[in-house]
Amino acid sequence: MRQLLIAGNWKMNHTASETETFCRNFRALGLEDHKVEILLCPPFTSIPAMVSVLDGTPVHVGGQDMCYVESGAFTGAISAAMLADAGCSHVLLGHSERRQFFHEDDANVNLKAKKAIEKGLTPVVCIGETREQREKGVTEKVVRTQLLGALEDLSTEDILKLVIAYEPVWAIGTGLTATPEQAQEVHRYIRDVLAERTDDETAESLRILYGGSAKPSNAEELLSEKDIDGLLIGGASLKVDDFYQMIVTGDKLNS
Ligand code: PGA
């Protein structure tokens with residue numbers, strides 16, 4: 001059985017001091033003995049505070065992006081080695097906001113995935129269609145292209161190190177969650193593409209998270225779907241109680 005992963009993407013929210021407060025309150029709720037795996041991705045400047053307050057807990061810390069180059073003259077960029085050295089185990093790649101506002105494409109995501117794996121980070125590769133694309137009926141084509149593009153030249157062994165996140169762009173930050181059936185349909189399709197790209201066993205063992213207006217009130221129905229193996233949570237991960245509640249929901253379903 002795939003262990004559920006409950007992940008928070010804070011985006012550009014929470015300063016280092018706000019992060020410290022969040023993490024103290026989060027820790028006080030009890031972080032040991034959960035059945036789900038937990039990941040939080042704060043802004044770069046908040047990583048040290050998070051790593052320090054959550055030290056000794058099983059919570060993973062991740063970056064929200066990284067540069068595909070090893071090091072050098074790339075003003076403003078953060079490398080995979082820097083994330084790993086700061087205490088990160090994961091990194092989000094290809095989030096739709098990176099694609100939309102920073103013009104990232106599949107080739108870029110692919111280079112980043114390779115570099116992340118080389119440096120021992122677990123890439124969480126984000127894919128998903130826009131509202132226009134869904135209305136045009138090209139959802140499957142879009143997620144297939146994004147997925148195969150991100151995985152280009154990766155060995156099965158390396159693909160096994162990834163987490164995939166399906167995040168329909170029209171559901172992100174809009175309050176419009178995909179219905180569990182809509183999400184399941186695409187998750188199943190993604191797993192089929194993974195099986196085609198690798199093999200059945202690999203595809204069955206990979207985790208595919210859902211993201212897009214996931215919140216305490218819809219977590220259970222989403223996580224009950226067969227091919228939804230966790231959540232990538234934006235807005236609702238900014239509040240300790242909401243995020244924790246979603247972890248508890250995951251625990252219940254993972255047992
Ligand atoms: P949301 O964001 O939960 O606020 O919709 C999800 C994401 O972008 O990862």
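In this predicted model, F22 is buried, with a relative accessible area of 4%. The value is under 20%, so F22 counts as buried. W10 is likewise buried, at a relative accessible area of 0%. The structure holds 5 aromatic pairs. W10 and F22 make up one of them. Their ring centres lie 4.7 Å apart, and the planes meet at 70 degrees. This geometry is edge-to-face, because the angle is over 60 degrees. The W10–F22 pair links distant parts of the chain. W10 sits in the loop between β1 (5–9) and α1 (16–28), whereas F22 belongs to helix α1. The two are 12 residues apart.

A further pair joins F26 and F243. The ring centres are 5.6 Å apart and the planes stand at 50 degrees, so this pair is tilted. Here too, distant parts of the chain are linked. F26 is in helix α1, and F243 is in helix α12 (residues 240–254). In sequence, 217 residues separate them. Both F26 and F243 are buried. One aromatic cluster takes in W10, F22, F26, F243 and Y244.

F26 also figures in the nonpolar interior. The largest nonpolar core has 65 residues. F26, I164, I190, L194, Y210 and L231 have the most contacts inside this core. Helix α9 (residues 180–197) gives the most to the core, with 7 residues. Apart from this core lies another, of 11 residues. Among its members are L5, L39, C41 and C126.

The surroundings of Y210 were listed without its neighbours within four places in sequence. Y210 is in contact with Y166, P168, A171, T177, A178, A183 and H187, among others. The list also includes L222, I228, G230, L231 and L232. L231 itself is one of the residues with the most contacts inside the largest core.

T177, a contact of Y210, is also touched by N218. N218 is placed in helix α11. N218 is buried, with a relative accessible area of 6%. Residues up to four places away in sequence aside, N218 touches T177 and S213.

E220 lies in helix α11 as well, which spans residues 216–223. E220 is partly exposed, with a relative accessible area of 37%. This value falls between the limits of 20% and 50%, so E220 counts neither as buried nor as exposed. E220 touches T249, K252 and L253, again not counting residues up to four places away in sequence. E220 and T139 are 81 residues apart in sequence. In space, their C-alpha atoms are 24 Å apart.

The largest pocket holds about 490 Å³ of space. Its lining is made up of 20 residues. F44, Q64, D65, R98 and F102 are the closest to the pocket centre. Helix α4 (residues 96–102) gives the most to the lining, with 4 residues. R98 lies over the face of F102. The distance from the ring centre is 3.9 Å. R98 and F102 thus appear both in this charge-over-ring arrangement and among the residues closest to the centre of the largest pocket.

Methods
Residues numbered from 1 in each chain as written. Predicted model: local features only at pLDDT ≥ 70, side-chain atom pairs only at ≥ 80, totals over all residues. Heavy atoms only, no water. Phe/Tyr/Trp six-rings, centres within 6.5 Å; stacked < 30°, edge-to-face > 60°. Buried < 20%, exposed > 50% of the residue type's maximum accessible area, 1.4 Å probe, protein only. Lys NZ or Arg CZ within 6 Å of the ring centre and 35° of its normal. Core = buried A, V, L, I, M, F, W, Y, C linked by side-chain atoms within 4.5 Å. Contact = heavy atoms within 4.5 Å. 1 Å grid on protein atoms, 1.4 Å probe; cavity = no way out; pocket = protein on both sides within 12 Å on 5 of 7 lines; lining within 4 Å. Points joined across faces, edges and corners; volume = space filled by probe spheres on them.
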